[in-house]
Amino acid sequence: MKDIGDSGTKINTSPTLKTTCPELACIWENMQGGKGLITTFVCDLFKSFEDPNDWKNVIDIRAGNLSTDDKKIFGKTDIQDGIVYIEIDKSNCGGQDKLEMFETLQHELIHAKIFNDCMNLFGFDGKTQNSLNYLNVFKKLVVSEYGTNTTTDQHKLMLDKYLNEMVNNLIEITGKGEYDDYIGLVLNGFPEDILWQCGYSPNYAVDKFHNYNVYKHNNSDIFNKLNTVCP
Ligand SMILES: [Zn+2]
């Protein structure tokens, strides 16, 4: 993988992520290289940020308060004036499941990729996603991915197109387990209405998330690599 600091996308990691969320910040840094949380899928995602027209896209990542009392939000990705902002909810910062942190980061990275592809490949001006320009460009991207216009929602595109790679990426980073052990952790990051639209009942997602929790309880060595690199 190329040094993404030198070409293509520049990544600003906010000091608030490092102080509020040191473990997650460590995982984030080492997903880009360093001590080796690089996986095939994440490497491909970062490569896709290397813009063919040599624009300097920027991803800014920080920690914030996103969740409310009745709704847990892991992270959020937005775009403003050409800069992709990833915000990670502070509830992710309490030394809990590091695979969940890793999963949140891969999920937000795919949003970032979608925004960057819209800018680099399809002529999105990058100003805001609340614009006709964005909606038109996103339609073009979906048509190029599906050959038909099926959605205006990034989550649907993500679930239809990247679910397998997201699950397999968790198998790669843990070095163990099977598809069924991790699919619940990935589905847990999607809103209910999108699960329905993609043919997964929310009960199915809850069952699979329960599977994951049982699996990790019985296989604590799945965290070995993450714990070694980011204690
Ligand atoms: Zn999302």
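**Entry 1. Helix pair α7 and α9**

I began with the convention for handedness: a crossing is left-handed if the near helix is turned anticlockwise from the far one by less than a right angle, and right-handed if clockwise. By this convention, I recorded the crossing of α7 and α9 as left-handed. I note here that I am working on a predicted model.

I then looked up the geometry of the pair. The axes of α7, residues 179-187, and α9, residues 202-218, come within 7 Å and cross at roughly 120°. That angle makes α7 oblique to α9, because the perpendicular class covers 65 to 115 degrees and the antiparallel class begins over 145.

I listed the residues that make this contact. Helix α7 contributes Asp180, Asp181, Tyr182, Ile183, Gly184, Leu185 and Leu187. From α9, I noted Tyr204, Ala205, Lys208, Phe209, Asn211, Tyr212 and Tyr215.

**Entry 2. Helix α3**

I asked which residues of α3 are buried. In this helix, which spans residues 40-48, I found Phe41, Val42, Cys43, Leu45, Phe46 and Ser48 to be buried. I next looked for what covers them, and the cover includes β1 (10-13), α2 (22-31), α4 (98-122) and α6 (154-174).

**Entry 3. Disulfides**

I counted two disulfides in the structure. Numbering the bonded cysteines along the chain, I obtained the pattern 1-3, 2-4.

One of the disulfides is formed by Cys21 and Cys93, with sulfur atoms 1.8 Å apart. The pair links distant parts of the chain, 72 residues apart: Cys21 lies in the loop between α1 (15-20) and α2, and Cys93 in the loop between β4 (83-89) and α4. I read -70° about the S-S bond, and this link is left-handed. Both Cys21 and Cys93 are buried.

Cys26 is joined to Cys230 by a disulfide, with an S to S distance of 2.1 Å. This pair also links distant parts of the chain: Cys26 belongs to helix α2 and Cys230 to the segment after α10 (224-229), 204 residues apart. The torsion about the S-S bond of Cys26 and Cys230 is about -85°, so I entered the disulfide as left-handed. I checked accessibility for both ends. Cys26 has a relative accessible area of 19% and is therefore buried, the cut-off being under 20%. Cys230 counts as buried at 1% relative accessibility.

**Entry 4. Cys118 and Cys198**

Why is Cys118 not bonded to Cys198? I found that the closest cysteine sulfur to that of Cys118 is in Cys198, 17 Å away, which is too far for a bond. The search from Cys198 returned Cys118 as the closest, again at 17 Å. I noted that Cys118 is buried at 0% relative accessibility, and that Cys198 is buried with a relative accessible area of 15%.

**Entry 5. Zinc site**

I asked which residues coordinate the zinc ion. The ion is coordinated by NE2 atoms of His107, His111 and His155, at 2.0 to 2.1 Å. Along the chain, I read the spacing of the donors as H-x3-H-x43-H. The site links distant parts of the chain through His107 in helix α4 and His155 in helix α6, 48 residues apart. I then looked up the accessibility of these two residues. His107 counts as buried at 4% relative accessibility, and His155 is buried with a relative accessible area of 17%. I also noted that α4 and α6 appear in Entry 2 among the elements covering the buried residues of α3.

Methods. Residues are numbered from 1 along each chain as its sequence is written. This is a predicted model: local features need pLDDT of at least 70, side-chain atom pairs count only at pLDDT 80 or more; totals for chains, interfaces and linings use all residues. Side-chain values use heavy atoms; hydrogens and water are left out. Buried means under 20% relative accessible area, exposed over 50%, partly exposed in between (1.4 Å probe, protein chains only). Helices (H or I, at least four residues) and strands (E, at least two) are DSSP runs, numbered from the N terminus. Contact means heavy atoms within 4.5 Å. A disulfide is a pair of cysteine sulfur atoms within 2.5 Å. Donors are N, O and S atoms within 2.8 Å of the metal (3.2 Å for Na, K and Ca); water is not among the atoms, so sites may look incomplete. Axes are lines fitted to C-alpha atoms, for helices over the stretch in contact, and angles run from 0 to 180 degrees between N-to-C directions. Angles under 35 degrees count as roughly parallel, over 145 as roughly antiparallel, 65 to 115 as roughly perpendicular and the rest as oblique.
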